[in-house]
Amino acid sequence: MKQPTLTYNIGVEATLSVINGKWKAIILCHLKRQSMRNGEFLRVIPNITQKVLTQQLRELEYDDIIHREVFPEIPPRVEYCLTDYGQTLADLTDQMCHWGERHIERQRKAGQKINLLDTQSPYYQKVL
């Protein structure tokens, strides 16, 4: 079957077509640190539903950004990790994280109370 022609006006559109979605960049940031299982994603991204997590993981797998490994155990164990191609997004997700942290710090200086729950971030803070 013939593939349809895709048209992008600018390169960032191609990037966003892969990482677009509320949760994909967050998933990628977590996978940059370590391989993860489904339940781990649900713990570190508490607002994501199982249905949406599954959908986002499938889309990232389809785009060859992540690899899904099924271990022949009972019960089956499934882990997700970045592919070599997915690793090429590491600089981009790092920059997004750093920009977000600087933005949070700027908002805090303006008086906004913000929780940042990522304990690995130098800007970690939980406002009570």
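Good morning. I begin with one residue, E101, which is placed in helix α6, a helix covering residues 90–109. The structure before you is a predicted model, and this residue offers a convenient way into it. Is E101 buried or exposed? Its relative accessibility is 10%, so E101 counts as buried, the cut-off being under 20%. Its C-alpha atom is separated by 20 Å from that of N47, a residue 54 places away along the chain.

A second residue of the same helix deserves mention. T93 also lies in helix α6, and with a relative accessible area of 4% T93 is buried. What does T93 touch, once its neighbours within four places in sequence are left aside? The contacts are with L28, C29 and K32.

Let me now step back to the overall layout. The protein chain contains six helices and three strands. Followed along the sequence, these elements come in the pattern α-α-β-α-α-β-β-α-α. The C-alpha trace spans about 55 × 45 × 25 Å along its principal axes. The protein chain has 128 residues, of which 27% count as buried. If we take the contacts between residues at least 6 apart in sequence, 39% of them join residues at least 24 apart.

A word on annotation. The UniProt record, an unreviewed entry, carries the annotation "domain: HTH hxlR-type" for residues 3–108. In the model, the C-alpha atoms at the two ends of that span lie 48 Å apart. Its content is 58% helix and 13% strand.

I turn next to the sheet. In what order do the three strands stand? The order is β1-β3-β2, in an open sheet with antiparallel pairing. Strand β1, residues 36–37, and strand β2 each have a single partner strand and stand at the edges, so each has one side without a neighbour in the sheet. As general background, the strands of a sheet pair through backbone hydrogen bonds, either parallel or antiparallel.

Consider the two pairings in turn. Strands β1 and β3 are joined in the antiparallel sense by two bridges. Within this pairing, M36 has Y80 in β3 as its bridge partner. Helix α2, residues 24–33, packs on the sheet and touches β1, β2 and β3, with its direction at about 95° to that of β3.

The other pairing joins β2, residues 66–71, to β3, residues 77–82, again in the antiparallel sense, over six bridges. Here R68 has Y80 in β3 as its bridge partner. The residue Y80 is thus a bridge partner of M36 and of R68. Strands β2 and β3 form a hairpin, with five residues between them.

The hairpin has further details to show. F71 stands opposite R77 in β3. Where does the charged end of R77 sit? It is placed over the ring of F71, at 3.8 Å from the ring centre. As for pairs of aromatic rings, a search of the whole structure finds one.

In the loop between β2 and β3 we find P75. The peptide bond that joins I74 and P75 is cis, with omega at about -5°.

Another backbone feature precedes β2. D64 lies in the loop between β2 and α4, the latter being residues 50–62. Although D64 is not a glycine, its phi is positive, at about 65°. With a relative accessible area of 42%, D64 is partly exposed.

Finally, I return to helix α2, the helix that packs on the sheet. How many of its ten residues are buried? Seven of them are, and the helix is mostly covered. The buried residues are K24, A25, I27, L28, C29, H30 and L31. Two of these, L28 and C29, are listed as buried in α2 and are also among the contacts of T93, a residue of helix α6.

To close, I would ask you to keep three points in view. The sheet has the order β1-β3-β2. Helix α2 touches β1, β2 and β3. T93 is in contact with L28, C29 and K32. Thank you for your attention.

Terms used
Residues are numbered from 1 along each chain as its sequence is written. This is a predicted model: local features need pLDDT of at least 70, side-chain atom pairs count only at pLDDT 80 or more; totals for chains, interfaces and linings use all residues. Side-chain values use heavy atoms; hydrogens and water are left out. Helices (H or I, at least four residues) and strands (E, at least two) are DSSP runs, numbered from the N terminus. Buried means under 20% relative accessible area, exposed over 50%, partly exposed in between (1.4 Å probe, protein chains only). Two strands pair if DSSP finds at least two bridges between them. UniProt positions are given in the numbering used here, feature names are shortened, and annotations may be inferred rather than shown by experiment. Rings of Phe, Tyr and Trp (its six-membered ring) pair if their centres lie within 6.5 Å; planes under 30 degrees apart count as stacked, over 60 as edge-to-face and the rest as tilted. A charge sits over a ring if NZ of Lys or CZ of Arg is within 6 Å of the ring centre and within 35 degrees of the ring normal. Contact means heavy atoms within 4.5 Å. Axes are lines fitted to C-alpha atoms, for helices over the stretch in contact, and angles run from 0 to 180 degrees between N-to-C directions.
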